[in-house]
Amino acid sequence: MNIGIFSDTYFPQLNGVATSIRTLASALEERGHQVYIFTPSDPRCSADYDDLQVYRVPSVPVHFVQDYRAGYVFSPFLAKKIVDLNLDIIHTQTEFCLGALGRFISTTQGIPLVHTYHTMYEDYVHYIGGGHIISKEMARGFSGIYCNTATAVIAPTRKTEQLLKSYGVIKPISIIPTGINTSNFRKDKFSPEEILELRNSLGLQADTPVIISIGRLAKEKSIDVVIGALPKLIEKLPDLKMVIVGEGNETENLSNFAESIGVREHIIFTGGKPWKEIGKYYQLGNVFCSASVSETQGLTFAEAMAAGIPVVAKKDECIENIIDNNMTGLLFESSEDLPDLLYRVLTDKSLSDRLSKASVEAMKALSVESFVDSVEHLYQDILDSGERPRKIVAPALPLVMGVKAVKGITRIPRKLVRHSHQKAAELLSSAKEK
């Protein structure tokens, strides 16, 4: 099969969507399929950044989300290049600029489209005008419209499936959790000397108790809840450190909050790190902790568990399939309970060892093979059914040609992002009406 994956986010951005895409694309190529990834360009990427077939679309920064970029996608040259690949399946992983491009190619060429719904956008409207421009109802409506233009939809968890049905999605929904390539995270991949060297580079001793947090630094990730647990914990463990790996809009706010409650010197912000190094950073932690309830699957929880790091997490439906309380991790409902849970894991070696061993075993069931089998079978079932979207004549779209034009537009990123999203919405509306 020739498969086109379209996403507004991919490495070097550090998030679950990027991880899911790379896991899927790599495994599909190993099975003999041709996979092409279309995503915005990123100045942090070198020419040899990725060993997959990645097409970087000219892009500009998204002013309201740090380190994110919007692809300026409505180019006849780009469209022709994609059409010439003779794609059998289009798989969109996001709904905006690149998602709209995937939708455009699907509807003008009659190519089946599969969409994975990764993000609960109603939890993200605060990024745009503080939530006063786009409401949660608008985010739900947009998500429902987009999913109903797909041939089939993938939901990583039952929570996401139920959410989509509440949005009015009537297209077939398959629950397919993203698989974890455990070889990237296993403890035995890294020598004690490597981990000690990394610890020392961050000013940590071999016996320093460490809470690890890895992922995007955003308001909805509730990292402040974990930081808020530190004062009580430090009273009992004065050498405690929290290492936060990732980048995002909330870095400064989190630093200021930590300063205000007197724990800033106990927190290390490393910034974003390359994907190939992330497995080693998990090994810094004696416990992984997250209070986020905005996940659709919670891949960082699964990665930590595959790494054998005990997990303390806030109770939420998105992680019910991987964390069994007091078996493969510890769950809390009230933030007031968090300091005591963290203290237990950090000081009770038998508990820590038990959770670590059980979590590693649990992650064996969340294999890449099972993930790719399910997606591959979904693709094949769609192709065997002969179902194709009815072709829609391409509308007249403003076209931008050449790098010079893109560079010129970078002077007005807000107008560009607004324009691209408007055209995406018009395209989706046209598809729905047809």
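# Working through a predicted fold

Take the contacts in the protein between residues at least 6 apart in sequence, where contact means heavy atoms within 4.5 Å: 70% of them join residues at least 24 apart. This is a predicted model, where local features need pLDDT of at least 70 and side-chain atom pairs count only at pLDDT 80 or more, while totals for chains, interfaces and linings use all residues. Residues are numbered from 1 along each chain as its sequence is written, and side-chain values use heavy atoms, with hydrogens and water left out.

## Exercise 1

Work out how the strands of the six-stranded open sheet are ordered, and what packs on it.

**Solution.**
- Start with the order: 12-11-10-13-14-15, with parallel pairing. Strands are DSSP runs of E, at least two residues, and helices are runs of H or I, at least four, both numbered from the N terminus. Two strands pair if DSSP finds at least two bridges between them.
- Now find the edges: strand 12 (267–271) and strand 15 (330–332) each pair on one side only.
- Then pick one pair: strand 10 (residues 210–214) runs parallel to strand 11 (residues 241–245), joined by five bridges. Here I214 sits opposite V245.
- Finally, add helix 10 (residues 275–282), which packs on the sheet and touches strands 10, 11, 12 and 13 (287–290). Its direction makes about 155° with that of strand 10; such angles run from 0 to 180 degrees between N-to-C directions, with axes fitted to C-alpha atoms, for helices over the stretch in contact.

## Exercise 2

Describe how helix 1 meets helix 14.

**Solution.**
- Get the geometry: helix 1 (residues 16–30) and helix 14 (residues 368–385) pack at about 75°, their axes 10 Å apart. So helix 1 is roughly perpendicular to helix 14 (that label covers 65 to 115 degrees).
- List the residues: S20, T23, L24, A27 and L28 of helix 1 meet V368, F371, V372, V375, E376 and Y379 of helix 14.
- Sort them: eight are nonpolar, two polar and one charged.

## Exercise 3

Find which residues touch the most other members of the largest nonpolar core.

**Solution.**
- Fix the term: a nonpolar core joins buried Ala, Val, Leu, Ile, Met, Phe, Trp, Tyr and Cys residues through side-chain atoms within 4.5 Å, and buried means under 20% relative accessible area (1.4 Å probe, protein chains only).
- Name them: I214, F288, I322 and I323, out of 61 residues. Helix 14 gives the most to this core, with eight residues.
- Zoom in on F288: leaving aside residues up to four places away in sequence, its contacts include I214, Y282, F301 and V312.

Technical notes. Angles under 35 degrees count as roughly parallel, over 145 as roughly antiparallel, 65 to 115 as roughly perpendicular and the rest as oblique. Ala, Val, Leu, Ile, Met, Phe, Trp, Tyr, Cys and Pro count as nonpolar, Asp, Glu, Lys and Arg as charged, and the others, Gly among them, as polar. Buried means under 20% relative accessible area, exposed over 50%, partly exposed in between (1.4 Å probe, protein chains only).
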